[in-house]
Amino acid sequence: MVALKDLMAGFQSPNLDCRQDGGRYDVSERAGYLFNTTIVGIEQADAILLVGTNPRWEAPLINARIRKRFLMGGLKVGAIGPRVDLTYPVAYLGAGGQTLADLAAGKGEFVEVLRAAQKPMVVVGMGGLSRRDGAAIQATVRALAETYGMVRDGWNGFNVLHTAAARVGGLDLGFLPAKDGRDTLGILEGAASGAIEVLFLLGADEIDPAKLGCAFVVYQGHHGDRAAARADVILPGAAYTEKNATYVNTEGRVQQTRLAVFPPGEAREDWKIIRALSAELGRVLPYDNLAQVRQRLVQVNPLFAKLGAVVSAPWRTFGTDGAIDQVPFTSSVDNFYMTDPISRVSATMAECTETFLRPAEGKTGTHG
């Protein structure tokens, strides 16, 4: 991502975004997009509010941690959004924005639970933030957290649950629209209208190919997913098992992976492809090995040097006050068994989908 960001800067293009799900939430403050409580910190909470998320499907390890906390006793959980079985008792509060606004204003059955809690926390998922009113939802959840004492010395109960492995890394990197640049929705609208002539998709496997218009599409990734089928040029990248890579998890913890097997055929590590491309395009990037790329990461944001550590983010105002669309919140995951290009080509996951998901859809009309 840092290589592609530098390459786009070389072309003076302000149109880039790592939020391929279309989220328009405020990223000016790091606390506004992190799981600030941390995963292990869930065990200290005594009240949890879930907003626009199904953690059982979106982050099973976090859901298991919530269940562990429930089994310890003394935990109450409320949910605004999809009604699903999370494996522990949940007070279903409502489907969408009005319920959230009422709760932020001190109305509703869960108010007393939050007021009585010693360490309350809220988790807002991409089902709440990946909408055009995402920044307003974010501001409302922030106000709710402040109203019910979720943020104080030694405790931050405001949490965003991301569903992409490197989303927080992209945000920390500033892989976002520059001044007057287009975000994901704007880029897709530009591609459809012809205003965007060339589109570079780096591991962007959740983009709807039908929205790319007549744009010339360069796809870099693996497993030949939906975007590859639409691409004019395919640059075969390495899967996560095939490269030494840096990720930042939903807590903001910087983590590194090590190569387990070499990329097959003509596939290469992503930064190597972009570095070679930069030379061909006359915009040579100033690094020739992985160590130099990682030095560039730290130059962009010193947090990338703090491997394995969770660095607390200062609490300041974020989000944008405004109206919230009354469309119900949904989960960002509609098929637990197929959430990425690898699982979508898996025969085992296809069988799981047909065995467990399709019968449930036929019987109830819902996912859960």
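Contact is taken here as heavy atoms within 4.5 Å, and a residue counts as buried when its relative accessible area is under 20%. The structure described is a predicted model.

By these criteria, the buried residues of helix 9 pack against strand 8 (198-202). Helix 9 spans residues 184-193, and seven of its ten residues are buried, so the helix is largely enclosed by the rest of the structure. The buried positions are Thr184, Leu185, Gly186, Ile187, Leu188, Gly190 and Ala191. Just after helix 9, Gly194 adopts a positive phi of about 100°.

A separate element of the description is the sheet. Strands of a sheet pair through backbone hydrogen bonds, in either a parallel or an antiparallel sense. In this model, five strands make up an open sheet with parallel pairing, arranged in the order 3-2-1-4-7. The edges are occupied by strand 3 (91-94) and strand 7 (158-161); each has a single partner strand, so one side of each is left without a neighbour in the sheet. From one strand to the next, the twist averages 20°.

Within this order, strand 1 (residues 47-51) is paired with strand 4 (residues 120-125) in the parallel sense, over five bridges. Ala47 has Pro120 of strand 4 as its bridge partner. Strand 1 and strand 4, together with strand 7, are also crossed by a helix: helix 7 (residues 134-147) lies across these three strands. The direction of helix 7 is at about 150° to that of strand 7, the strand that stands at one edge of the sheet.

How values were computed: Residues numbered from 1 in each chain as written. Predicted model: local features only at pLDDT ≥ 70, side-chain atom pairs only at ≥ 80, totals over all residues. Heavy atoms only, no water. Pairing = 2+ DSSP bridges. Helix = DSSP H or I, 4+ residues; strand = E, 2+ residues; numbered from the N terminus. Axes fitted to C-alpha atoms, helices over the stretch in contact; angles between N-to-C directions. Buried < 20%, exposed > 50% of the residue type's maximum accessible area, 1.4 Å probe, protein only.
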